[in-house]
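User: I am in my first year of study and would like a close look at a single part of this structure. Please take one helix and explain how it is placed among its neighbours.

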Amino acid sequence: MTRDDFYKIVNKLDNENRKRLRIERRIEQLNSSIDIKSSIGSEVHSDNNNDVLHSLVCEKADLEKELKELNIVIKYQTKDINRVINKVDNEEYRDLLYYKYVKHLNWFDIADILNYTIDHAKGRKFREAKRSLFKTFES
């Protein structure tokens, strides 16, 4: 694996995670709409209400299927990244790389978890961790 391959996987994982969040938010919106339409439907019987309810339920089912498939893709991409990160000898560097590339935490959270200052986490320690990671690509 090369640096470019690694970053392609990381970027793809990041994009897939963003997509997953968008789908999850939309499913929540649909659940609310379905609940509202269902309660209205029990009081008012109309073809229009039933059509809207049906389309909401169908959209939700499609999104749930897409979310399930997306979670499988994310799982495998995460395994690929973890496999590469686990080749790094230094546990501290592995943790830093894991939080950054797999968990996609911001620098404030990473620094807090690892008891670093933000500058220390995203500066020297991260450069050293990436250098150590890239050495694994050469072997």
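Analyst: What follows is a description of helix H3 and its surroundings in this predicted model.

Let us begin with the helix itself. H3 covers residues 91–102, which is 12 residues. From its first C-alpha to its last it reaches 15 Å, close to the 16 Å expected at 1.5 Å a residue. Just at its start there is a polar contact to note: a side-chain oxygen of Asn90 comes to within 2.8 Å of the backbone nitrogen of Glu92.

Next comes the question of which residues of H3 are buried. They are Tyr93, Leu96, Leu97, Tyr101 and Val102. A general point about helices is helpful when reading such a list. An α-helix has 3.6 residues a turn, so residues three or four places apart point the same way. Several of these buried residues will return below, where the partners of H3 are described.

Arg94 also belongs to H3, but its surroundings are not the same as those of a buried residue. With a relative accessible area of 23%, Arg94 is partly exposed, because buried requires under 20%. Setting aside neighbours within four places in sequence, Arg94 is in contact with Ile85, Asn86, Val88 and Asp89. Arg94 and Lys130 are 36 residues apart along the chain, and their C-alpha atoms are separated by 9.6 Å. For contrast, consider Ile34 in helix H1 (residues 3–43). Ile34 and Leu70 are also 36 residues apart in sequence, yet 24 Å lies between their C-alpha atoms.

We may now turn to the helices around H3. Two packed helices are described by the angle between their axes and the distance between the axes. The partner to consider now is helix H4 (residues 107–114), whose axis comes within 10 Å of that of H3. The two axes cross at roughly 150 degrees. H3 and H4 are therefore roughly antiparallel to each other, since angles over 145 degrees count as such. Their crossing is right-handed. On the side of H3, the residues that meet H4 are Asp95, Leu96, Tyr99 and Lys100. On the side of H4, they are Trp107, Ile110, Ile113 and Leu114.

Between these two helices lies a loop, and His104 is found in it. His104 has a positive phi of about 55 degrees although it is not a glycine. Its relative accessible area is 26%, so His104 counts as partly exposed.

The other partner is helix H5, residues 118–138. Here the axes of H3 and H5 come within 9 Å and cross at roughly 100 degrees. That makes H3 roughly perpendicular to H5. The H3 residues in this contact are Glu92, Tyr93, Leu96, Leu97, Lys100 and Tyr101. From H5 come Ala121, Lys125, Phe126, Glu128, Ala129, Lys130, Ser132 and Leu133. Leu96 and Lys100 thus appear in the contact with H4 and again in the contact with H5.

One of the H5 residues deserves a separate word. Ser132 is found in H5, and at 19% relative accessibility it counts as buried. Apart from residues up to four places away in sequence, Ser132 touches Val88 and Tyr93. Tyr93 is itself among the buried residues of H3.

The two partners of H3 also meet each other. The axes of H4 and H5 come within 7 Å and cross at roughly 90 degrees, and the two helices are therefore roughly perpendicular to each other. Trp107, Phe108 and Ala111 of H4 make this contact with Ile118, Ala121, Lys122 and Phe126 of H5. Trp107 also takes part in the contact between H4 and H3, while Ala121 and Phe126 also take part in the contact between H5 and H3. In the loop between H4 and H5 lies Asn115. Asn115 has a positive phi of about 60 degrees although it is not a glycine. At 71% relative accessibility, Asn115 counts as exposed.

Finally, the end of H3 can be linked to an earlier part of the chain. Thr78, in helix H2 (residues 47–85), is buried at 19% relative accessibility. Leaving out residues up to four places away in sequence, Thr78 touches Leu13 and Val102. Val102 is one of the buried residues of H3.

Note on methods:
Residues numbered from 1 in each chain as written. Predicted model: local features only at pLDDT ≥ 70, side-chain atom pairs only at ≥ 80, totals over all residues. Heavy atoms only, no water. Helix = DSSP H or I, 4+ residues; strand = E, 2+ residues; numbered from the N terminus. Expected span 1.5 Å × (residues − 1). Buried < 20%, exposed > 50% of the residue type's maximum accessible area, 1.4 Å probe, protein only. Polar contact = N/O pair within 3.5 Å; in protein donor to acceptor, adjacent residues only side chain to side chain. Axes fitted to C-alpha atoms, helices over the stretch in contact; angles between N-to-C directions. Parallel < 35°, antiparallel > 145°, perpendicular 65-115°, else oblique. Left-handed = near helix turned anticlockwise from the far one by under 90°. Contact = heavy atoms within 4.5 Å.
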